[in-house]
Amino acid sequence: MTIIHAPTELKPDRHKVCLAIGFFDGVHLGHQQIIRQTIADARQHEAIALVITFDQHPNVIVAPDRVPPLIYSLPQKLRAIESLKADTLLLIHFDKFFSQRTGEEFIRGLARDLGQIQSLCVGANFVFGYKRGGDVALLRQLGVELNFTVHGMAAVSLDDQAVSSTRIREAIQAGDLDSASQMLGRAYSLAGTVIRGDGLGRQLGFPTANLDTAGLALPPNGVYAVQARIISRSPALSSGLLCLAVLNIGHRPTLQNPKPQLRVEAHLLNFQDDLYAQELEITFLEKLRDEKKFASLEELRLQIARDIEGAKLRV
């Protein structure tokens with residue numbers, strides 16, 4: 001899948017273009033339906049299947065006090081979209097200037113820069129443009145004028161409820177990862193870049209990779225048996241390598257810290273290489289225990305050793 005950052009980069013060369021538009025957090029079953037319809041249209045009409053999404057949630061700009069925690073990091077979302085076999089993805093930088101464009105200006109701009117739009121696929125409740133002034137009705141109106149078909153896809157239902165990013169976030173935060181996985185159409189996973197920690201894990205004999213998960217929805221605090229996949233940005237590491245790991249989500253209450261910070265840190269079993277600045281994607285196997293305050297660092301060290309043995313039994 002080719003990633004572009006402006007419509008003019010596509011250069012369709014007289015090909016028609018089929019569009020899927022959305023933020024697509026989680027790329028869940030409903031999002032997959034939209035993207036697959038776009039790909040089917042493109043194959044039928046010998047067109048380019050183009051997914052259009054944004055680099056950050058629109059609320060970061062238009063409603064910063066109501067930014068939801070995200071299911072997926074941006075790289076994780078792009079990988080999920082790529083797995084559906086779209087031809088190209090247009091990643092738009094959502095900033096204040098873009099937020100002030102009306103829905104009609106946005107669509108007319110795409111039609112101008114992309115050439116002939118064959119079809120456009122969104123969710124039935126999709127709203128877009130300045131002050132959310134655009135909707136499916138506007139798209140259909142423009143489709144008649146500009147000669148493209150509009151698909152306003154109804155939500156996918158699971159357990160008699162619509163699958164939505166909001167519902168998945170709630171399931172993750174409640175620890176119902178099985179339900180989250182069902183709605184995602186794949187095992188729920190958490191991804192983040194490895195950042196520098198304070199080295200406590202290494203002092204205890206269990207070095208950990210600290211993940212940057214700022215802005216992401218997280219499962220409840222505790223210790224989990226997980227599978228860690230290394231998404232390597234370095235030729236020295238094999239990308240895609242899978243390792244059994246123990247993951248801790250919490251504030252490390254055993255330490256005397258007047259301002260405890262939430263940390264997400266993984267100890268990869270039988271792995272010694274430096275993971276700094278690499279990406280880890282974590283798939284949860286089982287929760288081992290809740291977060292707990294220990295009387296000493298030695299008690300914590302002994303418990304971590306037991307956690308590792310417990311994780312090995314889950315494989």
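Which residue in β13 is the bridge partner of G250? I looked it up first, and the partner is R263. I keep in mind that this is a predicted model.

**Entry 1: the chain as a whole**

I began with the overall figures. The protein chain has 10 helices and 14 strands. Its C-alpha trace spans about 70 × 40 × 40 Å along the principal axes. I counted burial next: 49% of the 315 residues are buried. The accessible surface comes to about 15,700 Å². Carbon and sulfur atoms hold 49% of that surface. I also looked at contacts between residues at least 6 apart in sequence, and 74% of them join residues at least 24 apart.

**Entry 2: the barrel**

I traced the antiparallel sheet. Here 6 strands close into a barrel, and their order is β9-β10-β13-β12-β11-β14. On average, neighbouring strands are turned by 45° against each other, direction ignored.

I then stayed with β13, which covers residues 263–268. Of its 6 residues, 5 are buried, so the strand is largely enclosed by the rest of the structure. I checked its pairing with two strands. With β12 (residues 242–250), β13 shares 6 bridges in the antiparallel sense. The G250–R263 pair from my opening question belongs here. With β10 (residues 209–212), β13 shares 2 bridges, also antiparallel. There I find N210 opposite E265 of β13.

Next I went to β11 and β14. Strand β11 takes in residues 222–231, and β14 takes in residues 279–289. I get 9 bridges between them, running antiparallel. One pair I noted is A225 with E286 of β14. Helix α3 (residues 74–82) packs on this sheet. I see α3 touching β9 (189–195), β11 and β14. The direction of α3 makes about 95° with that of β14.

**Entry 3: D307**

Is D307 buried or exposed? I find a relative accessible area of 6% for D307; the cut-off for buried is under 20%, so D307 counts as buried. D307 sits in helix α10, residues 297–313. I left aside neighbours within four places in sequence and listed the contacts of D307: V223, V246, L288 and R289. I matched V223 to β11. V246 falls in β12. L288 and R289 fall in β14.

**Entry 4: the open sheet**

I turned to the parallel sheet. It is open, has 6 strands and runs in the order β1-β4-β3-β2-β5-β6. Which strands are at the edges? They are β1 (2–4) and β6, each of which pairs on one side only. The twist from one strand to the next averages 20°.

I checked one pairing in detail. Strands β2 (residues 17–21) and β3 (residues 48–54) run parallel and are joined by 5 bridges. Within this pairing, C18 has A49 of β3 as its bridge partner. I then looked at what lies across the sheet. Helix α5 crosses β2, β3, β4 (88–92) and β5. The direction of α5 is at about 150° to that of β2.

**Entry 5: helix α6**

I listed the buried residues of α6 (residues 136–146): V136, L138, L139, L142 and G143. Why do I say that they line one face of the helix? Seen down the axis of α6, the buried residues fall within an arc of 150°, so they line one face. On the other side I find A137, Q141 and V144 exposed.

What covers the buried residues of α6? The cover includes α5 (103–114), β5 (117–123) and β6 (149–153). Both of these strands belong to the open sheet of Entry 4.

I inspected the two ends of α6. At the start, a side-chain oxygen of D135 comes within 3.2 Å of the backbone nitrogen of A137. After the helix comes N147, and I read a positive phi there, near 70°.

**Entry 6: T166**

My last stop was T166, in helix α7 (residues 165–174). I get 45% relative accessibility for T166, so this residue counts as partly exposed. I also took one distance. T166 and D25 lie 141 residues apart in sequence. In space, the two are 9.5 Å apart, C-alpha to C-alpha.

Technical notes:
Residues numbered from 1 in each chain as written. Predicted model: local features only at pLDDT ≥ 70, side-chain atom pairs only at ≥ 80, totals over all residues. Heavy atoms only, no water. Buried < 20%, exposed > 50% of the residue type's maximum accessible area, 1.4 Å probe, protein only. Arc of directions from axis to C-beta. Contact = heavy atoms within 4.5 Å. Polar contact = N/O pair within 3.5 Å; in protein donor to acceptor, adjacent residues only side chain to side chain. Pairing = 2+ DSSP bridges. Axes fitted to C-alpha atoms, helices over the stretch in contact; angles between N-to-C directions. Areas by Shrake-Rupley, 256 points an atom, 1.4 Å probe, with all protein chains shown as cover.
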